[in-house]
Amino acid sequence: MDLRRLAEYDVLLLTALLWFLGKFIRYAFPPLFESLQTGYGVSNAAVGTAYTGFMLVYALMQFPSGALADRVGAVRVMAVGAAVAGVGALALAVDAPFVALAAVMLVIGGGTGAHKTVAVRLIARVYPARTGRALGAHDTLGALGGVAAPAAVVLFLSAPPFLASVLARLPGADWRGLFVVSGVVVLAVAAAFALRVPGRLPENADRGEPRGGPDPRPRDYLVLFRDRRMAAFVLVTIASSFAYNGAVAFFPLYLSRAAGLSTSTASLLYSVLFAVTFVQLVSGDLSDRLGRLPVMTIALGLAAASLIGVVVLVDAGPLVLGVLVAVLGIGSHGYRPVRGAYLIEELPDRIAGGGLGAIRTLLMGAGALAPGIVGATADVAGFRPAFALLAGSVALAALAAAGLWITE
């Protein structure tokens, strides 16, 4: 592949790199839950609720960011969102009470929330013939942020002496230094994105085709949910998002406390959940060839089977649990780019930005509630009942997707 051919993908690369950094910051928090509980003296419910707040703000940004991108352009919305997230990460350098930490998490959630909805539609317009494949590449690089984050947390918390002396020069000199470095990198990439991408976009790719009519009204988006198949698919997205976000928020603690694994082993297995993200390249391409619903149904079925296995075989040891975590990652990641491609194809172009944002608000809102619910359930009944609830949720999503496929 020559350099000219590679240059065709610079928009995809910069967009995906911003998503990688957003995911990196998001998934740096769960491995820190135990340290935050010790350092601040707070409960599972407290850290879970703080993370729920992060995800709720992220979710609430989906609709306004999509609708705003239709008016002012995708590049501006994504660049400003990334800058807000970068500044928020830098703010964590200050040692402050837990409530201040939770407030900064809300700011970062808002910044990162301006990316995905806008990016999906931008990528679909820039690469119309390869939407599934391009979204698979975008989500793959983003999910690698989840692979890198736990390893980076371990590095900053238990660095070898020669590296510790370097890290000690950073503000905070502990896990806070991780967010300082992340914030600087996010701001640099956001600047590169804002400067490079506008000149590389095809005509109308930033804002889309002229509407030829009045701007959409709120009720125009509500009409989408009157369609039974769209409403059923929204159920699929909500149930799967609830299960996935609840699992990723507490998997390190589940593996250490319910399964009895060491903290380092639990973090390693947590990384496996994201290490299989390359399946998105395959699932996105397969959905371009075979159809969206068959691939989504199979992926969600794998995710359901793995979560059931994690609950039932909690004492099976790290090898079996590692395989189950990998299967969960394959199913969860394999489903994600296909979901985005399906929605872009089903939504009317005139309201695609805001429509996608509205649906993503619902699915991310459900996902945002999951950490708080899982944390509270774990405090009351234990981690196995909490994860059984997540298993039931993703099983419901798989059954609903299968119903859509059968009746297609």
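Hi everyone. Let me start with a term: a residue is called buried when its relative accessible area is under 20%, and exposed when that value is over 50%, with partly exposed in between. Keep that in mind, and also that this is a predicted model.

Let's begin with the charged pairs. As a reminder, side chains of opposite charge can pair when their charged atoms come close. The count here comes to 6 salt bridges, and I'll walk you through some of them.

One of them joins the side chains of Arg176 and Asp95, with 3.1 Å from N to O. This pair ties together distant parts of the chain, 81 residues apart: Arg176 belongs to helix H11, residues 175-196, while Asp95 sits in the loop between helix H6 (74-91) and helix H7 (98-112). So are the two partners buried or exposed? Arg176 has 6% relative accessibility, so Arg176 counts as buried. Asp95, at 64%, counts as exposed.

Next, please scroll to helix H15, which covers residues 279-290. Asp285 and Arg289 form a salt bridge there, and their closest N and O atoms are 3.0 Å apart. Why is there about one helical turn between them? Because they are 4 residues apart in H15. Asp285 is buried at 18% relative accessibility, whereas Arg289 is exposed at 60%.

Asp288 has a salt bridge too, with Arg292, and there the closest N and O atoms are 2.8 Å apart. Here Asp288 is partly exposed at 32%, and Arg292 is buried, with a relative accessible area of 10%. There is also a network to point out: Arg133, Asp285 and Arg289 are joined by salt bridges that share partners.

While we have H15 on screen, look at the nonpolar side chains. Phe278, Leu281, Val282, Leu286 and Leu290 make a nonpolar surface patch of about 450 Å². Val282, which lies in H15, has a relative accessible area of 46%, so Val282 is partly exposed.

Now for some helix packing. Two packed helices are described by the angle between their axes and the distance between the axes. For helix H4 (residues 44-60) and H5, the axes come within 4 Å and cross at roughly 30°. Angles under 35 degrees count as roughly parallel, so H4 is roughly parallel to H5. Which residues make the contact? On the H4 side they are Tyr58, Ala59 and Leu60, and on the H5 side Gln62, Phe63 and Pro64.

H5 itself spans residues 62-72, and its buried residues are Gln62, Ser65, Gly66, Ala67, Ala69 and Asp70. Right after H5 comes Gly73, with a positive phi near 105°.

How many residues of helix H8 are buried? H8 runs over residues 116-126 and is mostly covered, with 10 of its 11 residues buried. Charged side chains are on that list as well as nonpolar ones: the buried set includes Lys116 and Arg121, along with Val118, Leu122 and Ile123.

My last stop is Gln37 in helix H3, residues 33-40. Gln37 has 10% relative accessibility, so Gln37 counts as buried. And what is Gln37 in contact with, leaving aside its neighbours within four places in sequence? The partners are Val42, Ser43, Asn44, Val47, Leu253 and Arg257.

That's my tour, thanks for listening!

Methods
Residues are numbered from 1 along each chain as its sequence is written. This is a predicted model: local features need pLDDT of at least 70, side-chain atom pairs count only at pLDDT 80 or more; totals for chains, interfaces and linings use all residues. Side-chain values use heavy atoms; hydrogens and water are left out. Buried means under 20% relative accessible area, exposed over 50%, partly exposed in between (1.4 Å probe, protein chains only). Helices (H or I, at least four residues) and strands (E, at least two) are DSSP runs, numbered from the N terminus. Patches are made of residues with over 30% relative accessible area and no salt bridge: like charges are joined within 9 Å, nonpolar side chains (Val, Leu, Ile, Met, Phe, Trp, Tyr) within 5 Å. Accessible areas come from the Shrake-Rupley method with a 1.4 Å probe; for residues, only the protein chains shown count as cover. A salt bridge is a side-chain nitrogen of Lys or Arg within 4 Å of a carboxyl oxygen of Asp or Glu. Axes are lines fitted to C-alpha atoms, for helices over the stretch in contact, and angles run from 0 to 180 degrees between N-to-C directions. Angles under 35 degrees count as roughly parallel, over 145 as roughly antiparallel, 65 to 115 as roughly perpendicular and the rest as oblique. Contact means heavy atoms within 4.5 Å.
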